[in-house]
Amino acid sequence: MASIATLGSHCSLQVLKGAKDEGLKTILVCETKRERLYKRFPFIDELIMVDSFKEVLGQKCQKTLEENNAVLIPHGTLVAQMSSEEIESIKTPVFGNKWILRWESDREMKEKLMREANLPMPKPVANPKDIERLSIVKRQGAAGGKGYFMAANEEDYNTKRNQLVSEGIISKEETLYIQEYAAGVLAYLTFFYSPLKEDLEFYGVDQRHESDIEGLGRIPAEQQIKSNKVPSFNVIGNSPLVLRESLLDEVYKMGESFVEAARRIVKPGMNGPFCIEGVYDENAKFTSFEFSARIVAGSNIYMDGSPYYSLLYNETMSMGKRIAREIKTATETNRLDKVTT
Ligand code: AMP
């Protein structure tokens with residue numbers, strides 16, 4: 001039987017608890033500085049101690065993973081800390097599609113896949129001088145919203161960019177990505193596509209809490225105007241959300257369309273968990289600014305099962321457990337190659 005391995009961060013506790021509940025061996029690649037934290041959790045069978053997560057690419061680490069028939073569960077930390085080339089070079093089987101993670105990290109490829117999936121997106125702005133409406137300026141990769149800023153026009157863009165460069169938050173050479181700001185209710189929609197069942201499941205919705213853009217709303221306008229601090233979008237945590245039931249049909253359609261587009265563009269397609277991230281406007285129209293092609297940390301809210309999964313499963317089912325279930329079924333039926341790359 002396969003064992004389940006992941007990097008010690010992001011959603012590793014949920015992933016490994018889910019794997020343990022499915023009766024699988026659990027392995028955590030753990031940075032020395034976090035050993036004390038992760039030793040608190042009895043469902044982690046083995047720790048592979050490293051000084052840096054990059055060691056997962058090394059022979060020693062890969063050998064231990066191989067000896068344990070491990071499947072590596074990719075999450076946001078893997079995407080944030082390793083280049084696409086590094087991720088693609090991992091010898092251990094990776095759950096889902098490791099090739100699609102490049103499409104998550106690269107802004108242009110990301111836009112292409114979202115367009116292919118017909119997801120309604122905010123208008124991209126090619127050049128700061130073309131900023132006509134309130135826009136958001138983003139960094140490349142899975143930066144978690146840190147160093148992002150809003151700009152109303154070119155002058156505003158230059159002032160804020162220069163300020164962030166002088167504060168050492170972004171580098172002078174960095175190419176930034178600009179898109180129009182979409183106002184509304186934030187909703188991060190998480191799905192699971194099972195290549196074994198050839199079926200899409202809607203898992204749940206969360207909202208991200210980002211600092212210190214959220215803090216701005218708590219101070220009076222008079223102080224907001226006087227402040228010259230550039231607010232950032234650094235994710236601090238997540239909270240649950242359920243949608244109006246009348247929105248669900250559209251949600252499934254978006255998920256299906258994404259799965260179909262991924263199948264056409266990046267083989268073997270969007271297997272496993274993924275998230276479409278965006279906002280609902282005043283007409284309940286969804287605009288998507290982002291996707292994650294793997295488990296998102298927002299799934300941590302539902303370690304005990306999500307509202308939507310309680311409709312599909314007569315047992316508590318976290319995303320971690322759902323992943324482990326898929327791997328277990330694949331192993332039992334000799335189809336591990338269908339769920340890993
Ligand atoms: P991202 O890295 O694209 O997930 O963006 C990080 C955060 O920035 C999101 O969670 C949103 O709060 C915010 N954000 C990104 N793009 C937009 C947009 N076009 N309109 C409004 N908010 C956005």
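**Why we call it that: domains, ligand and two side chains**

Tutor: Let's start with the overall layout: the C-alpha centres of domain 1 and domain 2 are 24 Å apart. In the contact, 11 residues belong to domain 1 and 13 residues to domain 2. Keep in mind that this is a predicted model.

Student: Which residues make up domain 1, domain 2 and domain 3?

Tutor: Domain 1 covers 3-96, domain 2 is 105-120 + 184-316, and domain 3 is 124-180.

Student: Now the ligand. What makes K138 a polar contact of the ligand?

Tutor: Set the distance against the cut-off. A polar side-chain atom of K138 sits 2.8 Å from a ligand oxygen atom. A polar contact needs N or O atoms within 3.5 Å, so the K138 pair qualifies. Two backbones can be tested in the same spirit: a polar backbone atom of E180 is 3.0 Å from a nitrogen atom of the ligand, and a backbone N or O atom of A182 is 2.7 Å from a nitrogen atom of the ligand. Taken alone, the ligand would expose 470 Å², and the protein buries 97% of that.

Student: Which domains supply at least three residues each to the shell around the ligand?

Tutor: Domain 2 (105-120 + 184-316) and domain 3 (124-180) each do. By class, the shell holds 9 nonpolar, 1 polar and 6 charged residues.

Student: Why is R322 called buried?

Tutor: Its relative accessibility is 3%. Buried means under 20%, so R322 earns the word. You'll find R322 in helix 13 (residues 319-332).

Student: How do you know that the side chains of R322 and E201 share a polar contact?

Tutor: The side chains of R322 and E201 are joined at 3.0 Å, and the cut-off is 3.5 Å, so the pair counts. Beyond neighbours within four places in sequence, R322 is in contact with residues including F192, Y309 and M317.

Student: And why is Q163 called partly exposed?

Tutor: Q163 has 23% relative accessibility. Buried stops under 20% and exposed starts over 50%, so Q163 falls in between. Q163 belongs to helix 8 (residues 154-166).

Student: Which residues is Q163 in contact with, leaving aside neighbours within four places in sequence?

Tutor: N228, K229 and V230. Q163 and N228 are 65 residues apart along the chain, with 9.6 Å between their C-alpha atoms. Even so, the Q163 side chain reaches the backbone oxygen of N228 at 3.0 Å.

Methods. Residues numbered from 1 in each chain as written. Predicted model: local features only at pLDDT ≥ 70, side-chain atom pairs only at ≥ 80, totals over all residues. Heavy atoms only, no water. Polar contact = N/O pair within 3.5 Å; in protein donor to acceptor, adjacent residues only side chain to side chain. Areas by Shrake-Rupley, 256 points an atom, 1.4 Å probe, with all protein chains shown as cover. Nonpolar A, V, L, I, M, F, W, Y, C, P; charged D, E, K, R; others polar. Domains from an automatic or database assignment. Helix = DSSP H or I, 4+ residues; strand = E, 2+ residues; numbered from the N terminus. Buried < 20%, exposed > 50% of the residue type's maximum accessible area, 1.4 Å probe, protein only. Contact = heavy atoms within 4.5 Å.
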